[in-house]
Amino acid sequence: MAAAVEPSRFSLRDRLTTFLDAPPFQAAIIGLILFNALIFGLEAIPAVVEKIGPLLIALDHLILWIFVAEIVIRLAVFGPARFFRDPWSVFDFIVIGMALLPATGALSSLRALRVLRVLRLISIMPSLRAVVDALLRAMPAMGSVAALLLLVLYVGAVIATRLYGTSDPERFGDLGNSLLTMFQILTLEGWPDIMRATLETHPFSWLFFVPFVLIATFAILNLVVAVIVDSMQSGVQAAVAEEDQKRDTELMDFEHDIEASLARIEKELAALRASVKPKARAAAARGSRAAKTGKKRKR
């Protein structure tokens with residue numbers, strides 16, 4: 001009886017796996033996430049909350065429990081070991097778990113974290129996952145670029161403090177103000193106004209500000225973009241290579257199956273020939289004896 005139940009259990013798991021990975025189900029989850037994001041936006045409008053606040057809360061709770069049911073089904077189908085090995089599954093689990101925390105009393109501020117559910121779009125949509133994976137792969141190289149940028153920012157702040165601290169103490173009076181001002185120049189926010197204000201007392205200060213902008217903004221910040229693009233390109237190439245390797249492995253397995261099937265067929269044919277020969281010899285012997293017996297009777 002147990003042997004009869006076991007196949008049905010595995011067939012149900014296979015059907016659930018196919019259902020969870022089916023494009024229509026994924027599209028439905030994406031639709032729910034976007035609808036949930038719309039609900040969060042409407043909850044931030046007091047006039048809308050005053051009119052349909054209870055409805056928005058009910059819809060939000062309904063969508064949340066749908067997400068909970070999805071996570072529970074995934075845990076049951078894939079098992080805890082496989083489920084928690086996938087970083088994106090862990091991300092979904094944490095986001096949904098945070099939404100289940102009580103949002104009353106001292107934890108009332110956690111209610112704002114419900115909007116993190118919208119981030120599940122990253123784990124659902126492959127294109128967004130590819131971008132995030134590229135950013136994570138680029139982190140080591142981006143760390144080196146960030147260290148270089150901080151070094152240039154620090155050197156620029158020290159030089160600016162020594163050169164313009166007395167004439168413009170509000171912006172360059174100490175190292176902290178200089179760092180803040182140089183960071184503002186780095187972002188190109190109002191940097192011509194800062195330079196013009198300094199030019200009134202230091203006519204050649206453009207020899208400091210212009211090279212700083214060229215080096216820090218146009219050179220080093222563009223290195224960040226270059227690192228991210230290179231990481232995305234490497235990720236695409238790795239994905240293509242992995243797909244090719246998977247295809248080659250499947251082809252080799254298919255060829256191996258064909259060779260094994262042919263070998264099995266040849267073995268069965270050989271066994272069939274081996275079993276047929278004695279029978280043919282016995283039939284020939286019986287035919288020969290019958291022929292001899294017939295000749296004797298004729299005589």
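These legends describe close-up views of a predicted model.

**View 1. A buried arginine, Arg120, pairs with two acidic side chains.** Arg120 lies in helix H5 (residues 120-124). Its relative accessibility is 0%, so Arg120 counts as buried. The side chains of Glu70 and Arg120 meet in a salt bridge, 3.0 Å from N to O. That pair links distant parts of the chain: Glu70 belongs to helix H3 (residues 46-85), and the two residues are 50 residues apart. Glu70 is buried as well. Arg120 also forms a salt bridge with Asp92, at 3.4 Å from N to O. Here helix H5 is linked to helix H4 (residues 87-99), which holds Asp92, 28 residues from Arg120. Asp92 has 8% relative accessibility; under 20% means buried, so Asp92 counts as buried.

**View 2. The charged end of Arg120 sits over the ring of Phe67.** The distance to the ring centre is 5.0 Å.

**View 3. Asp193 and Arg196 form a salt bridge within helix H9.** The closest N and O atoms are 3.8 Å apart. Helix H9 spans residues 191-199. The partners are separated by about one helical turn because they are 3 residues apart in this helix. Both Asp193 and Arg196 are exposed. Elsewhere, salt bridges that share partners join Glu70, Arg74, Asp92 and Arg120 into one network. The structure holds 5 salt bridges.

**View 4. Aromatic rings pair and cluster.** The whole structure contains 11 aromatic pairs. In one of them, Phe83 and Phe84 have ring centres 5.1 Å apart and planes at 85°, so the pair is edge-to-face. Phe83 is buried, with a relative accessible area of 2%. Phe84 is partly exposed, at 39%. One aromatic cluster is formed by Tyr164, Phe172, Phe208, Phe209 and Phe212.

**View 5. Thr181 is buried in helix H8.** This helix covers residues 175-186. The relative accessible area of Thr181 is 6%. Leaving aside residues up to four places away in sequence, Thr181 touches Arg171, Phe172 and Ile194. Phe172 also belongs to the aromatic cluster of View 4.

**View 6. Nonpolar side chains form a patch on the surface.** Its members are Leu148, Leu151, Tyr154, Val155, Ile159, Leu163, Leu175 and Leu223. Together they have about 670 Å² of accessible area. Helix H6 (residues 126-164) gives the most, with 6 residues. Leu175 lies in helix H8. Its relative accessibility is 36%, so Leu175 counts as partly exposed.

Terms used. Residues numbered from 1 in each chain as written. Predicted model: local features only at pLDDT ≥ 70, side-chain atom pairs only at ≥ 80, totals over all residues. Heavy atoms only, no water. Helix = DSSP H or I, 4+ residues; strand = E, 2+ residues; numbered from the N terminus. Buried < 20%, exposed > 50% of the residue type's maximum accessible area, 1.4 Å probe, protein only. Contact = heavy atoms within 4.5 Å. Phe/Tyr/Trp six-rings, centres within 6.5 Å; stacked < 30°, edge-to-face > 60°. Lys NZ or Arg CZ within 6 Å of the ring centre and 35° of its normal. Patch = residues over 30% accessible without salt bridge, like charges linked within 9 Å, V, L, I, M, F, W, Y side chains within 5 Å. Areas by Shrake-Rupley, 256 points an atom, 1.4 Å probe, with all protein chains shown as cover. Salt bridge = Lys/Arg side-chain N within 4 Å of Asp/Glu carboxyl O.
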